[in-house]
Amino acid sequence: MTSYFLDHLQYLETEAIHVMREVAAEFERPALLFSGGKDSICLLRLAEKAFRPSEIPMPLLNIDTGHHFPELNEFRDRRAKELRAKLIVRKVEDAIAKGIAVQAPGQISRNHLQIPTLLAAIEEFRFDCCIGGARRDEEKARAKERFFSFRDGFGQWDPKNQRPEIWNLYNARINPGENMRVFPLSNWTEMDVWEYIRKENLEVPKIYFSHTRRCVRRHGQWLPVNDLVPIKPGEQVEELVVRVRTIGDIISTGCVESPAESVDDIIAETAVARVTERGSRADDKASEAAMEDRKKAGYF
Amino acid sequence: MSIPLHHPVDLLRFNTCGSVDDGKSTLIGRLLYDSKSLMDDQVEALERSADLTGGGQINLANLTDGLRAEREQGITIDVAYRYFATPRRKFIIADTPGHVQYTRNMVTGASSANLSVVLVDARLGIIEQSRRHSCIASLLRIPHLVVAINKMDLVGYSEERFMEIRDQFEEFLPRLTLRDVKCIPVSALDGDNVVDPSTKMPWYSGPTLLSHLEDVHIGSDWNLRAFRLPVQWVNRPNNPSDPALHDFRGLSGQIAGGIVRVGQEVMVLPSGFSSVVKEILTPEGSVTEAFAPQSVTVVLEHDIDVSRGDMLVDPEMLPGSSTELHAKICWLHPRPLQRGKKYLLKHTTQTVQAAVTTIEHRINISNLRPESGVEELAMNDIGEVRLTTSSPIVYDGYAANRLTGSFILIEPGTNATVGAGMLPHPTEVARPEYKDFSI
């Protein structure tokens, strides 16, 4: 190998930084979606690198369902403070109170309610672009999505009418009221994310590592027992050594039994995993097109 | 469980061209399955949809057909990206649909590829479609091509048939500008020569598809000769807490070609101002040299006027610069290319106005021959045109540099990406606006 060689992580990093700088240059009011989850932790590090020695030239935005793991929100707030970044949090609860988001009768999950809450935040701050941490390897509707994903005035994604993306030329043009979602991690896999976390020595919320938790078996997965996931008659609660692979709402995120205590352990586990990351997310299992339908409505 | 911690793994991007009939989905499925890159829940989901809609037959195309409309209609609409890894390399597959809108999709999927896999049905040999796919790969200057001669099981694993098809392809080869072509006999259905060597074709001593993908040398696919840095973003810290940063002014961008070193003289185009590189910041910190395709921030010795859309270049190897361009254009939109209509042209980091003045001819993508007397370019057409731009474009020939030799056309109003263009080697080098200016 010559010294003019980029390994796969360096290549993915250079691509993601190029995409982020393109956002900073082409949009007037961008925001970076930061939840405190592992993908957005990488995103934040990439943003630091893309713009340093300047500070990240856009606010961080998080849509809080009110069903987040408390560990995640604590981590989110602390990281934003450390980076001296402006953090905007908009709550689904407030959107419900204002009537912007309406809960379907009998529905407990607030996953769908993130959509109107996010769209209202975009309107409130007149964001023209939101950078998100979605990856194409997560889900097959995402496998078809562009780096620069155009959304119309209603926040909708039209998968049949996407802009071709050729070479490293991104078409960032939008009309007033329209919006762009940009995904710098499009080409990253779950493994790449963990390898990057190791390489950059990034801190991640503790729930990614193995811990003891009371869980209940439901629809083939271990759900964490808490106020929002009460035990139903006939269900057995078990105390297990688990961790989470992907973090969604506390009511739909399945835990996996795992002894992984370090990033190295997680990488070793990911290397031999036989189930995809989103296999533990009930929100994706609703139907074969669950993700596509949410994205069409304006989801991240 | 022990895994090697720090051995270098690089990334190969490739696209697959062919239709479902050629066994493309089966080949990708086989590649993923045999390299253990398919997960249990993905296989489970395939089985679930097979029971519901497929009469019990597992359809590997469902792996890549991610959209509802695709599954409903049984067609692939858009390029899908898939990822897998072996201990040697990581791979990104752009799975480009074969029948519908093949040019548009293949251009999208192949523009950043190191390698294209063209699938050929061993029973049919080199047909119109194989020629088209190879011609597009050639026009896009994809450095490596694999002709995967599939369904060898249906021709009795015949060496004679394989040689016959290879000869057919080689006959056609002189018309193309392909540097590296490899023919591999495979049977995707049974997995012969995909990941594991075939026991049924002992006459074939070459690599399997996967071992070729693992070994093909891609280190020289980037242009490391002529330094080019399109300025993407000017980095000026706002109210920095560190007083040393008050006067910091960095030029950020992705190096599109060559190598840059601290102390090196660089020229800014189109203005022609020169300066010397004072500092180079990469994702890994401050360095003395950086190279394509790294994303960097360069600090110059002198405070000269530079902004987004300008290009830093090696003054010893100047690019071309002109408002009059000659280009090959691939049309991507249902509304045909109109002569005289104003489009936006995005080239590296600058966007200018542009109009096509002449459509010289359309290229027949089955044989690369020009067809004259063409009034417009419709979707999926590739043609040669002349354009005028509102300000000069600083460029290289696409054959020398894919990043500084390409552009897209955007339709104002709808903001649709309507065309993809490739520029020829410039006939004269840039003449700076302020030629005699130096600090």
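**A walk from an exposed loop to a buried strand**

Let's start with a single residue, A:P230. A:P230 counts as exposed because just 9 C-beta neighbours lie inside 10 Å of it, and the cut-off for exposed is 12 or fewer. Keep in mind as you look around that this is a predicted model. Where along chain A does A:P230 sit? You will find A:P230 in the loop between β8 (221-224) and β9 (237-243) of chain A. Now look for A:L6: in sequence, 224 residues separate A:L6 from A:P230, and in space the two are 50 Å apart, C-alpha to C-alpha.

Next, turn to the place where the two chains meet. Chain A brings 53 residues to this contact, and chain B brings 60 residues. Which element gives the most to chain B's side? That is strand β2 (residues 80-85) of chain B, with five residues. If you sort the side of chain B that touches chain A by class, you get 32 nonpolar, 17 polar and eleven charged residues.

Now let's stay with chain B and see how the chain is divided. Domain 1 covers 10-215, domain 2 covers 228-313 and domain 3 covers 320-422. Try finding domain 2 and domain 3 of chain B: their centres, taken over C-alpha atoms, are separated by 30 Å. These two domains touch each other, with twelve residues of domain 2 of chain B in contact with nine residues of domain 3 of chain B. On the domain 2 side of that contact, there are six nonpolar, four polar and two charged residues.

Our last stop is strand β9 (residues 250-254) of chain B. Is this strand mostly covered or mostly open? Strand β9 of chain B is mostly covered, as five of its five residues are buried. In a regular strand, side chains alternate between the two faces of the sheet. You can follow this along β9(B): B:G250, B:S252 and B:Q254 point one way, B:L251 and B:G253 point the other way, and all are buried.

Which strands pair with β9(B)? One of them is strand β8 (residues 233-235) of chain B, which pairs with β9(B) in the antiparallel sense over three bridges. Here B:N235 has B:G250 as its bridge partner in β9(B). Strand β15 (residues 295-300) of chain B also pairs with β9(B) in the antiparallel sense, over four bridges. Within that pairing, look for B:L251, which stands opposite B:V298 in β15(B).

So our walk has taken us from A:P230, which counts as exposed, to β9(B), where five of five residues are buried.

Notes:
Residues numbered from 1 in each chain as written. Chains lettered and ligands numbered in written order. Predicted model: local features only at pLDDT ≥ 70, side-chain atom pairs only at ≥ 80, totals over all residues. Contact = placed C-beta atoms within 7 Å. Helix = DSSP H or I, 4+ residues; strand = E, 2+ residues; numbered from the N terminus. Nonpolar A, V, L, I, M, F, W, Y, C, P; charged D, E, K, R; others polar. Domains from an automatic or database assignment. Buried ≥ 20, exposed ≤ 12 C-beta atoms within 10 Å, placed from the backbone. Pairing = 2+ DSSP bridges.
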